[in-house]
Amino acid sequence: METFLEEHEVEMLAFIEKIVNIDSGSYDKQGVDTIGEILKRNYKDLGFHVIVEPQEEYGNHLIIQHKDAINPAIIILAHMDTVFPEGTVSERPFRITGNRAYGPGVIDMKASHATVLYAIKALISEGYEGYKNIRIVLNSDEEIGSPSSRAIIEREAKGKKYALVMEPARKDGSLVSSRRGKGNYTLIIEGKAAHSGIEPEKGRSAIEELAHKIIQLHELSDHENGISVNVGLIEGGSSANTVSDHAEAQIDIRIKEMEQVELLEERLEKICASSDVAGTKISLEGEMNRPPMEKNKKTRALLRIIQDVGDEIGIEIEDTSTGGGSDASFTSSLGVATIDGLGPVGGNAHSDKEYLEIPSLVERTLLLATIIERLTQRTT
């Protein structure tokens with residue numbers, strides 16, 4: 001398969017250029033659906049059935065499986081959206097400098113779509129059967145927490161033995177074997193407005209109350225045990241000479257283990273149960289929207305298989321943990337053996353310096369194709 005992929009490297013790069021040069025931010029339904037149509041055509045040309053899960057607000061999701069597949073044991077996850085707003089492509093389109101390719105979403109994760117597509121092409125070309133043992137879910141809203149696709153991912157993952165998630169490999173080539181869980185909360189404070197010069201004593205400052213709460217919330221962080229609580233955005237007040245009657249904060253919470261959720265939520269509720277500034281009212285909204293991806297027994301076993309495959313084809317496989325979220329958390333929490341970071345190597349995702357290491361394209365596509373075939377041999 002390596003020779004096939006080497007012969008098609010230029011074609012793979014042209015495919016990546018094509019989809020990178022289409023804006024497809026999470027809220028750009030038209031752009032994401034354009035990416036989806038391109039991928040849909042390519043998979044249909046290979047004999048795959050494509051089910052479209054239509055969405056009104058976000059791009060449509062795709063569920064893809066070969067026409068001869070029967071109860072595949074492997075689910076592959078990849079997202080079609082990026083974090084970049086419409087117009088980014090016109091400002092900095094795809095380009096190649098030396099051994100790196102640049103452009104919005106090039107590594108997170110448009111190069112991964114080439115990896116999956118050409119891994120399948122390689123399997124078909126070489127007469128392997130692994131492409132009949134996969135079900136692919138391409139979603140459109142991963143970058144904003146998968147609000148419309150989580151249920152679809154969880155539905156499609158049920159009964160699967162392995163989950164291969166196509167987020168990019170780390171800069172050093174490591175795969176991802178664990179991720180912290182993530183929660184998003186909004187803290188809303190209601191106070192009472194008053195003129196800060198004439199009658200400040202009649203006011204009840206929502207901003208002052210929020211300041212107390214921010215300190216208390218940050219004290220919940222326990223970095224040694226993988227818990228972090230961060231108030232990342234705040235707003236409030238109407239003018240400098242008015243005691244604020246409203247303040248609001250956006251809170252990001254990360255956890256290492258699912259068992260940490262209950263105690264953390266109890267502490268959140270306790271903080272918000274009473275006011276430090278008399279006369280203010282507090283409400284807390286939100287939830288833990290991504291469970292942690294834990295490095296459990298099943299994941300360790302899958303990692304060993306992948307490392308063995310890497311040894312055979314000459315790629316040393318290391319793994320790492322990360323605080324960032326991905327859809328791998330959903331499959332992992334269902335008890336499916338899950339490994340993430342199976343895309344090509346690159347870095348600086350979500351920035352204007354985002355890049356793909358071009359030499360990793362063939363090797364990581366070969367790795368994915370060989371993993372699919374190896375796992376197929378173990379499940380048939």
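Visitor: What covers the buried residues of α3?
Guide: In this predicted model, the cover over the buried residues of α3 includes the helices α2 (9-20) and α5 (106-125). The strands β1 (48-53), β2 (61-66) and β6 (134-139) are also among the covering elements.

Visitor: Which residues of α3 are buried?
Guide: They are G31, V32, D33, I35, G36, I38, L39, K40, N42 and Y43.

Visitor: And what span should α3 have, at 1.5 Å a residue?
Guide: Helix α3 covers residues 29-45, which is 17 residues, so a span of 24 Å is expected. The C-alpha atoms at its ends are 24 Å apart, in agreement with that value.

Visitor: Which residue with a positive phi follows α3?
Guide: That is G47, with a phi near 90°.

Visitor: Let us turn to aromatics. How many aromatic pairs does the structure hold?
Guide: It holds 3 aromatic pairs. One of them is formed by Y43 and F48, with 5.8 Å from centre to centre and 70° between the planes, an edge-to-face arrangement.

Visitor: Are Y43 and F48 buried or exposed?
Guide: Both Y43 and F48 are buried. Y43 also appears among the buried residues of α3.

Visitor: Why is the pair of Y102 and Y355 called tilted?
Guide: The ring centres of Y102 and Y355 are 6.4 Å apart and the planes meet at 50°, so the pair counts as tilted. The class follows because planes under 30 degrees apart are stacked and those over 60 are edge-to-face, with the rest tilted.

Visitor: Where in the chain do Y102 and Y355 sit?
Guide: Y102 belongs to strand β5 (residues 100-102) and Y355 to strand β18 (residues 355-357). The two are 253 residues apart, and their pairing links distant parts of the chain. Both Y102 and Y355 are buried.

Visitor: Which residue lies over the face of Y102, and which has its charged end over the ring of Y355?
Guide: R95 lies over the face of Y102, 4.3 Å from the ring centre. For Y355, the charged end of R100 is placed over the ring, 3.8 Å from the centre.

Visitor: New topic: how much space lies in the largest pocket?
Guide: The largest pocket has about 500 Å³ of space. Its lining has 26 residues, and D108, E143, G324, G325 and H350 are those nearest the centre.

Visitor: Which elements give two or more residues to that lining?
Guide: They are α5, β9 (181-190), β14 (281-290) and β17 (346-347).

Visitor: D108 is there; what kind of peptide bond joins D108 and M109?
Guide: The bond between D108 and M109 is cis, with omega about -5°. M109 is located in helix α5.

Visitor: And H350, what is its phi?
Guide: H350 has a positive phi of about 70°, although it is not a glycine. H350 lies in the loop between β17 and β18, and its relative accessible area of 44% makes it partly exposed.

Visitor: What about S146, buried or exposed?
Guide: S146 is buried, at a relative accessible area of 1%. Its phi is positive too, about 55°, and S146 is not a glycine. The residue is in the loop between β6 and α6 (150-157).

Visitor: Where is T88, and what does it contact beyond its neighbours in sequence?
Guide: T88 is in helix α4 (residues 88-91). Beyond neighbours within four places in sequence, T88 contacts D23 and P104. T88 has 6% relative accessibility, so it counts as buried.

Visitor: How far apart are the C-alpha atoms of T88 and I22?
Guide: They are separated by 9.2 Å, with the two positions 66 residues apart along the chain.

Visitor: Is G173 buried or exposed?
Guide: G173 is buried, with a relative accessible area of 6%. G173 lies in the loop between β7 (162-165) and β8 (175-179), and touches V345 and R364 when residues up to four places away are left out.

Visitor: Last one: is I234 buried or exposed?
Guide: I234 counts as exposed, at 55% relative accessibility. I234 is in strand β11 (residues 228-236). Leaving out residues up to four places away in sequence, I234 touches L210, I214, E248 and A249.

Conventions:
Residues are numbered from 1 along each chain as its sequence is written. This is a predicted model: local features need pLDDT of at least 70, side-chain atom pairs count only at pLDDT 80 or more; totals for chains, interfaces and linings use all residues. Side-chain values use heavy atoms; hydrogens and water are left out. Helices (H or I, at least four residues) and strands (E, at least two) are DSSP runs, numbered from the N terminus. The expected span of a helix is 1.5 Å times one less than its number of residues. Buried means under 20% relative accessible area, exposed over 50%, partly exposed in between (1.4 Å probe, protein chains only). Contact means heavy atoms within 4.5 Å. Rings of Phe, Tyr and Trp (its six-membered ring) pair if their centres lie within 6.5 Å; planes under 30 degrees apart count as stacked, over 60 as edge-to-face and the rest as tilted. A charge sits over a ring if NZ of Lys or CZ of Arg is within 6 Å of the ring centre and within 35 degrees of the ring normal. On a 1 Å grid over the protein atoms alone, a cavity is a set of points where a 1.4 Å probe fits but cannot get out, and a pocket is an open set with protein on both sides within 12 Å along at least five of seven lines; lining residues have an atom within 4 Å of a point. Grid points are joined across faces, edges and corners, and a volume is the space filled by probe spheres set on the points.
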